[in-house]
Amino acid sequence: MATLLGDVGGTNARLAIARNGSIDRETVTRFRGDDYASFDDVVRQFLQEQDQPRISAVCIAVAGPVSNGHARLTNRPWDFSEDRLARLTDADQVRLINDLTAMGYATPVLSGDGLATLRSAPAGRPRNGQSLVVNLGTGFNVCAVRSLPGGAIAALEAEEGHTSLPANIYLRLLDAVGPEAIKGFISTEEAFAGRGLSRLHAALTNTAPVPGEQIDRAADAGDPVANATYDLFTDLVGLLCRELALRFMPLEGMFLAGSVGRSISDRMDRFETSFLAEPYMRHIPENTPIFLIRDDMAALHGCLAALA
């Protein structure tokens, strides 16, 4: 029996087969979304390429909201249905989950080159079985993870990206960009997703917005203006993660994910200064280790864990 796993974003869909509780890396296949009218077409082609294996279970991580067995991509007009996938694959068990939820399910199995330690915490610190994935990429959101008796975990859904900015971060931004530009930072996602970095650079330089990847390359090349943007952005991420540490108390670890998260990973001195800036309840961030998810297959691992 085989398990069908999927990680579906607005640009690409990646599918794989797992057997005996392990992903068969030879089956991992990436499909470009522009080449297919629907996700069902992707599944049909993948199963044909894999010689029509007998599928017993399916779990698909979707970059969009999931509710009552249905999902829809945020950035592509694809819809998903557990019932439709069950008919398509003849699987007995089908589950759709949000892609960040999948990352949450993956946290217990990430190791080696797939996980980097950005900030250690005291070995003898209090532990509470709670972790937090913080995704800074095309969008922004978090997934709280709780260890359960017997070794299972619960990965909780959230919409943290659509919350308002904490007052200290808002005031820091207001001082940096002024009252007109601050109007663009209307939510946590608008400030901390990739477009937030782009918007921040544009406001600081009084220029048109450019992609975050361009700012990253310029900073790596030594551009002082791009580095100033990244320094301020990293300070703000540190302040935000301090708020998240108190909100979720992830004493097992805070896991940064996403392209923007990776781009600040070499600025952890600045991050830590902001992360520990407030004396009130400082023992919580002090006892929270920070990791970086580097495994491209993390969501697929999470899908497999979600079926367990």
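**Exercise 1. Is Cys 59 buried or exposed?**

Before we start, note that this is a predicted model: local features need pLDDT of at least 70, side-chain atom pairs count only at pLDDT 80 or more, and totals for chains, interfaces and linings use all residues. Residues are numbered from 1 along each chain as its sequence is written, and side-chain values use heavy atoms, with hydrogens and water left out.

*Solution.* Start with the cut-offs: buried means under 20% relative accessible area, exposed over 50%, and partly exposed in between (1.4 Å probe, protein chains only). Cys 59 has a relative accessible area of 0%, so it is buried. Cys 241, with 1%, is buried as well. For the whole protein, 53% of the 308 residues count as buried.

**Exercise 2. Find how many disulfides the model has.**

*Solution.* A disulfide is a covalent bond between the sulfur atoms of two cysteines. Here the test is a pair of cysteine sulfur atoms within 2.5 Å. Next, try Cys 59: its closest cysteine sulfur, in Cys 303, is 3.9 Å away, which is too far for a bond. Then try Cys 241, whose nearest cysteine sulfur belongs to Cys 143, at 15 Å; Cys 241 is in no disulfide. The count by this rule is 0.

**Exercise 3. Describe the lining of the largest cavity.**

*Solution.* First, the search: on a 1 Å grid over the protein atoms alone, a cavity is a set of points where a 1.4 Å probe fits but cannot get out, and lining residues have an atom within 4 Å of a point. Grid points are joined across faces, edges and corners, and a volume is the space filled by probe spheres set on the points. The whole structure yields 1 cavity of 30 Å³ or more, and the largest has a volume of about 40 Å³.

Now look at who lines it: Leu 173, Phe 185, Ala 191, Phe 192, Gly 196, Leu 200, Phe 233 and Leu 236. Sort them with Ala, Val, Leu, Ile, Met, Phe, Trp, Tyr, Cys and Pro as nonpolar, Asp, Glu, Lys and Arg as charged, and the others, Gly among them, as polar. That gives 7 nonpolar, 1 polar and no charged.

**Exercise 4. Locate what lies at the two ends of helix α2.**

*Solution.* Helices (H or I, at least four residues) and strands (E, at least two) are DSSP runs, numbered from the N terminus. At the N-terminal end of α2 (residues 82–89), Ser 81 is the cap, with a side-chain oxygen 3.3 Å from the backbone nitrogen of Asp 83. Just after α2, Asp 90 takes a positive phi of about 60°.

Key: A polar contact is a pair of N or O atoms within 3.5 Å; within protein, one must be able to donate a hydrogen and the other to accept it, and residues adjacent in sequence count only if both atoms are side-chain atoms. On a 1 Å grid over the protein atoms alone, a cavity is a set of points where a 1.4 Å probe fits but cannot get out, and a pocket is an open set with protein on both sides within 12 Å along at least five of seven lines; lining residues have an atom within 4 Å of a point.
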